[in-house]
Each structure stands twice: as structure tokens, then as C-alpha cells.
Amino acid sequence: MPNDVGHEIADALGTLLKRSTREQIHRRLTEGLGEAVDEVTYPVLSGLARSGPRSAAGLADEIGLDRSGVTRRATRLEEAGLLRREPDPADRRATLLALTDAGRAAIETTRQRLAAHIEDSLASWPPGEARTFARQLHRFVDHGPFTA
């Protein structure tokens, strides 16, 4: 079958992108970071870390939630001091969500945990194979079927 590799990759991506897989990873990454940081609020923190200050509607599009869901999660994070609301310089009527220093620190902790978890899971791979996989994965992301 000419599409074997495509099917194999699609199946692996399907597993990675499942909501339950993401929630399990987010739960592990956020463990012990405080009541406001959990698998529910993590996508908001992570999305802001990737994109910078955004409106709730803009962030909702970025992370796959609706605006009201982002707003509820942002309120929890704001009350915990991890996020702040600031005026949008391009539109005085609008508000942007932005990470605070504490929010950036929480994201840094989760990124370190994720990197360590990935490296631990690749420890049994032959030398160099993990590095090759990382390069090829980057190539796939940058030039694969999901690029604009």
C-alpha cells in the first residue's frame, strides 16, 4: 500500500493529539504548581507563552477553546497572580491577557519537566537516534502538511 508511512504517522499523531493524552500530560506537568495551575488552565498559560499577549478570542482560536472557556480559565490564573489583563494598545476597548513573572516561571517549570520526561523516555534509544528524531520532527512540523 503506497500510504503505509502516511497512515502510520497519522495513527501516531492521532494518539498524541487525543484530548485524554493531552490532559494526562498536562496533569503530570502541572503537578504541585498550585491550585490554579492544572490540566484545565495549562493550555491558557502555554498558549500565552507561545504567542505573547492575546485577547481571549484570539487565544481561544490558538488553543482550541471557546472564548468563554478561556475567560473562565484566565480568571482563575489572574486570581493566582499568574496572568494579568492589560489594555490592547491597538484597540482601547479591548483587553489582552498576558503572563506575569509568576506565570512565566510556572511555564518554565512545566517546560523543564516536559523536556526531562521526553529525554527519560528516549534514554533507551541508540545514541544519536533521538537527535535524528528531533531534527526530523522539526522538519515535519516546519515543512509538513500542517504548514500554512
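**Helix H6 and its surroundings in the predicted model**

The buried residues of helix H6 are covered by elements that include helix H2 (19-30), helix H3 (42-51) and strand E2 (91-99); contact here means heavy atoms within 4.5 Å. The model is predicted, and local features were accepted only at pLDDT of at least 70 and side-chain atom pairs at pLDDT 80 or more, whereas totals for chains, interfaces and linings use all residues. Residues are numbered from 1 along each chain as its sequence is written, and side-chain values use heavy atoms, with hydrogens and water left out.

The secondary structure comprises 7 helices and 2 strands, assigned as DSSP runs numbered from the N terminus (helices, H or I, at least four residues; strands, E, at least two). Along the sequence these elements follow the pattern α-α-α-α-α-β-β-α-α. Taken along the principal axes, the C-alpha atoms fill a box of roughly 55 × 35 × 25 Å. Of the 148 residues, 26% count as buried; buried denotes under 20% relative accessible area, exposed over 50%, and partly exposed the range in between (1.4 Å probe, protein chains only). Contacts between residues 24 or more positions apart make up 45% of those with a separation of 6 or more. The protein exposes about 10,200 Å², of which carbon and sulfur atoms supply 53%, the areas being obtained by the Shrake-Rupley method with a 1.4 Å probe. The mean positions of the 21 positive and 22 negative charges lie 3 Å apart; Lys and Arg count as positive and Asp and Glu as negative, while His and the chain ends are not counted. Each charge is placed at NZ of Lys, CZ of Arg, CG of Asp or CD of Glu.

Helix H6 extends over residues 101-121, and the span expected for its 21 residues at 1.5 Å a residue, 30 Å, agrees with the 30 Å between its end C-alpha atoms. The expected span is 1.5 Å times one less than the number of residues. Gly103, Ala106, Ile107 and Thr110 of H6 are buried. Viewed down the axis of H6, the buried residues fall within an arc of 95° and therefore line one face of the helix; the arc is that of the directions from the helix axis to the C-beta atoms. An α-helix has 3.6 residues a turn, so residues three or four places apart point the same way. On the face of H6 turned away from the buried side are the exposed residues Asp101, Gln112, Glu119 and Asp120.

Within H6, Thr110 has a relative accessible area of 1% and is buried. Apart from neighbours within four places in sequence, Thr110 is in contact with Leu29, Thr30, Leu33 and Tyr42. Ile107, another buried residue of H6, is among the residues touched by Leu99. Leu99 belongs to strand E2 and counts as buried at 7% relative accessibility. Beyond four places in sequence, the contacts of Leu99 also include Leu45, Leu48, Ala49, Leu82, Leu83, Arg84 and Arg104. The C-alpha atoms of Leu99 and Glu78, 21 residues apart along the chain, are separated by 9.0 Å.

Leu48, located in helix H3, is likewise buried, at 3% relative accessibility. Residues up to four places away in sequence being excluded, Leu48 touches Pro53, Arg54, Leu59, Leu83, Leu97, Ala98 and Leu99. By contrast, a distance of 28 Å separates the C-alpha atoms of Leu48 and Ala10, which are 38 residues apart along the chain.

Leu59 is one of the buried residues of helix H4 (residues 56-63), together with Ala56, Gly58, Ala60 and Ile63. The buried residues of H4 pack against H3, H5 and E2. Just after H4, Gly64 adopts a positive phi of about 80°. Ala56 and Arg85 are touched by Thr71, residues up to four places away in sequence not being counted. Thr71 is situated in helix H5 (residues 67-79) and, at 30% relative accessibility, counts as partly exposed. The C-alpha atoms of Thr71 and Leu97 are separated by 9.3 Å, with their positions 26 residues apart along the chain.
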